[in-house]
Each structure stands twice: as structure tokens, then as C-alpha cells.
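User: I'm new to reading structures, and I'd like a close look at a single part of this one. Could you pick a spot and show me how it sits with its surroundings?

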Amino acid sequence: GTDEKSDVAVLKIDADEDLPIVPTGDSDKLKVGQWVLAIGNPYGLQHTVTYGIVSALRRNDVKITDIEDFIQTDAAINPGNSGGALVNLRGELVGINTAILSQSGGYQGIGFAIPINLATRRMNELIEHGEVRPGYLGVTYQTLTANMADALGTGAVSGVLINSVHSDSPADRAGLVRGDVIVAIDGARVTNENEFQNRIGLAGSEKRVKIDIWRGNKKKTVRLTLEASVTTAGVISDRSELLGWELQEMSNDLARRLGY
């Protein structure tokens with residue numbers, strides 16, 4: 001099974017005897033600055049090991065996949081490392097090497113790995129259901145800017161502004177409305193579209209979540225159960241099926257309300 005949105009695949013291997021497996025770690029416990037090793041076949045050089053540190057966590061603005069929650073590392077990763085293990089110093093698998101940021105095509109100190117906790121969730125969904133079922137909330141949205149916050153009179157200083165709520169969606173049934181600003185999901189802050197998209201998509205279907213919002217100058221908390229997304233648009237909370245955005249003509253009234 002495959003999940004192109006998170007760049008994860010599951011392979012079934014038939015063998016006559018038990019195969020050795022790598023122990024699995026907990027990628028949620030990784031810390032910036034922690035030592036890690038990257039294992040792979042860069043440029044066809046099998047069983048190559050490089051080392052470095054965790055440079056950053058929860059990178060979600062790399063624009064590689066639809067769902068992003070990357071571990072960033074400065075361990076040398078090159079073409080051929082993709083799919084290889086990122087392990088901690090106890091030899092536990094904490095990530096799957098997937099990509100690099102480079103102007104030359106080779107190592108320049110910035111590599112990315114898929115957290116093993118994310119990969120494991122995707123694996124279990126593919127094995128159990130034969131497909132991945134990302135979470136669906138049922139709203140269109142955009143990152144809240146300072147000008148928008150002033151124009152709307154909201155108490156939020158950052159978050160995601162709901163532009164519209166789809167009929168009979170989880171958001172609709174929970175009472176979310178246009179103009180609400182989502183600031184946290186299950187206690188984790190949401191400051192922009194990428195974070196929001198990833199939190200909803202990664203939560204998966206049938207997940208009960210707590211959403212903190214500002215409605216004007218009042219803060220509220222709603223609880224709802226996400227549904228299964230059945231389209232690519234659902235993965236990104238049902239924006240445009242083709243381009244991932246929603247447009248409308250700028251009117252004088254809209255410009256005045258948004259502070260433009």
C-alpha cells in the first residue's frame with residue numbers, strides 16, 4: 001500500500017524464516033540538538049552511515065508532500081539515502097530519510113526525515129483499511145494576519161481564520177462559523193495554514209479533537225469528531241480540488257473589513 005500524501009509505503013515480505021527488525025523509537029520524544037545517525041546507500045554506496053544532530057522538528061513548510069511533519073537533520077543525506085533509517089544513539093528507528101534541501105543536488109547540511117510515529121500510523125491504516133483516511137473538518141480557511149485581526153476585532157493574535165463552513169460537516173455540526181479563528185487543536189497551538197492542515201490531516205478519521213477558537217473577543221472551546229476525507233481536497237480541509245485555494249473578487253466593502 002502507498003500514501004503519496006505523506007510519502008510512505010508498506011511492503012509485505014514473504015520469508016522462510018524470521019527476519020531481523022530494527023527496534024522502533026518514539027519520534028515524539030526527539031529533542032533539537034539530539035544526536036542521530038542516517039543509514040542508506042548514497043550514490044550506490046551500500047551500508048553508509050553518517051551522523052549529525054536533530055536541527056529542527058515539525059517542519060511543515062517544505063512543500064515536498066501534502067502532509068508534512070518533518071525531522072530536520074544535518075546528518076549527511078544524499079541521493080540514495082531516501083528510505084533509509086534515521087536512528088538515535090540507542091539504535092532505535094526514529095525517522096525515514098526522505099529528502100534534502102540543496103542547490104547542487106548533493107548534501108548541503110539540510111536533510112529531512114519522516115517521523116517514525118507518523119510512518120507507523122500510516123502503516124497501520126494501510127494494513128487495516130487498505131488506504132489512509134486523513135481527517136476532514138469541513139472548512140475553508142487562511143492564515144490570520146495582523147490586519148485581519150484588527151479589522152475583525154478578534155482577541156487572537158495568530159491562528160487560522162475560517163472563511164466558510166461546509167454544510168453538514170463536523171465543523172458545521174459543532175457550531176463553528178465563518179469568522180471564527182482557530183488557535184489550538186488538542187492544546188497544540190495553530191499559527192498558520194500549514195500547521196492547521198497537518199494537524200487535521202494527521203489526526204485521521206473518527207478522531208475526537210478539542211478546538212480552541214476566538215469568536216470576536218471571546219474565547220471558546222468546541223469538541224468534535226473528524227470524519228474520513230475521501231478526496232485530496234478533504235486532506236486540506238476541502239479547499240479547491242484543483243489548486244488548493246479559494247478566490248473571490250475584492251470589493252470595497254471587503255477591502256475595508258480586511259484593512260486593505
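Analyst: **Helix 4 and its surroundings**

Let's begin with the whole chain: its accessible surface is about 14300 Å², and carbon and sulfur atoms hold 49% of that. (Accessible areas are worked out by the Shrake-Rupley method with a 1.4 Å probe, and for residues only the protein chains shown count as cover.) Keep in mind that this is a predicted model, where local features need pLDDT of at least 70 and side-chain atom pairs count only at pLDDT 80 or more, while totals for chains, interfaces and linings use all residues. Residues are numbered from 1 along each chain as its sequence is written, and side-chain values use heavy atoms, leaving out hydrogens and water.

The chain has 6 helices and 16 strands. These are DSSP runs numbered from the N terminus, with helices being H or I runs of at least four residues and strands E runs of at least two. Measuring along the principal axes, you'd find that the C-alpha trace spans about 65 × 40 × 30 Å. Of the 260 residues, 43% count as buried. Buried means under 20% relative accessible area, exposed means over 50%, and partly exposed is in between, using a 1.4 Å probe and protein chains only.

Now for helix 4 itself. It's mostly covered, with 9 of its 11 residues buried. Phe196, Ile200 and Leu202 are among those buried residues, but so are Glu195 and Arg199. Just at the start of the helix, a side-chain oxygen of Asn192 comes to within 3.0 Å of the backbone nitrogen of Asn194. At the other end, helix 4 is followed by Gly204, which has a positive phi, near 85 degrees.

What does the helix pack into? For that we need the nonpolar core, a set of buried Ala, Val, Leu, Ile, Met, Phe, Trp, Tyr and Cys residues joined through side-chain atoms within 4.5 Å. The largest one has 18 residues, and Phe196 is one of the members that touch the most others, along with Leu137, Ile182, Ile185, Ile211 and Leu224. Helix 4 (193–203) supplies at least two residues of this core, and so does each of strands 10, 11, 12, 14 and 15. Strand 14 gives the largest share, 3 residues. Apart from this core lies another, of 11 residues, and Leu202 is among its members, as are Val8, Leu93 and Phe112.

Leu137 leads us on to Ser169, which touches it as well as Tyr136 and Gly138, leaving aside residues up to four places away in sequence. (Contact here means heavy atoms within 4.5 Å.) Ser169 sits in the loop between strand 11 and helix 3 (170–173), and counts as buried because its relative accessible area is 1%. Its side chain makes polar contacts: pairs of N or O atoms within 3.5 Å where, within protein, one must be able to donate a hydrogen and the other to accept it, and where residues adjacent in sequence count only if both atoms are side-chain atoms. One reaches the backbone oxygen of His166 at 2.7 Å, and another the backbone oxygen of Gly138 at 3.4 Å.

For contrast, try Leu11, in the loop between strand 2 (8–9) and strand 3 (35–40). Leu11 counts as exposed because its relative accessibility is 73%.
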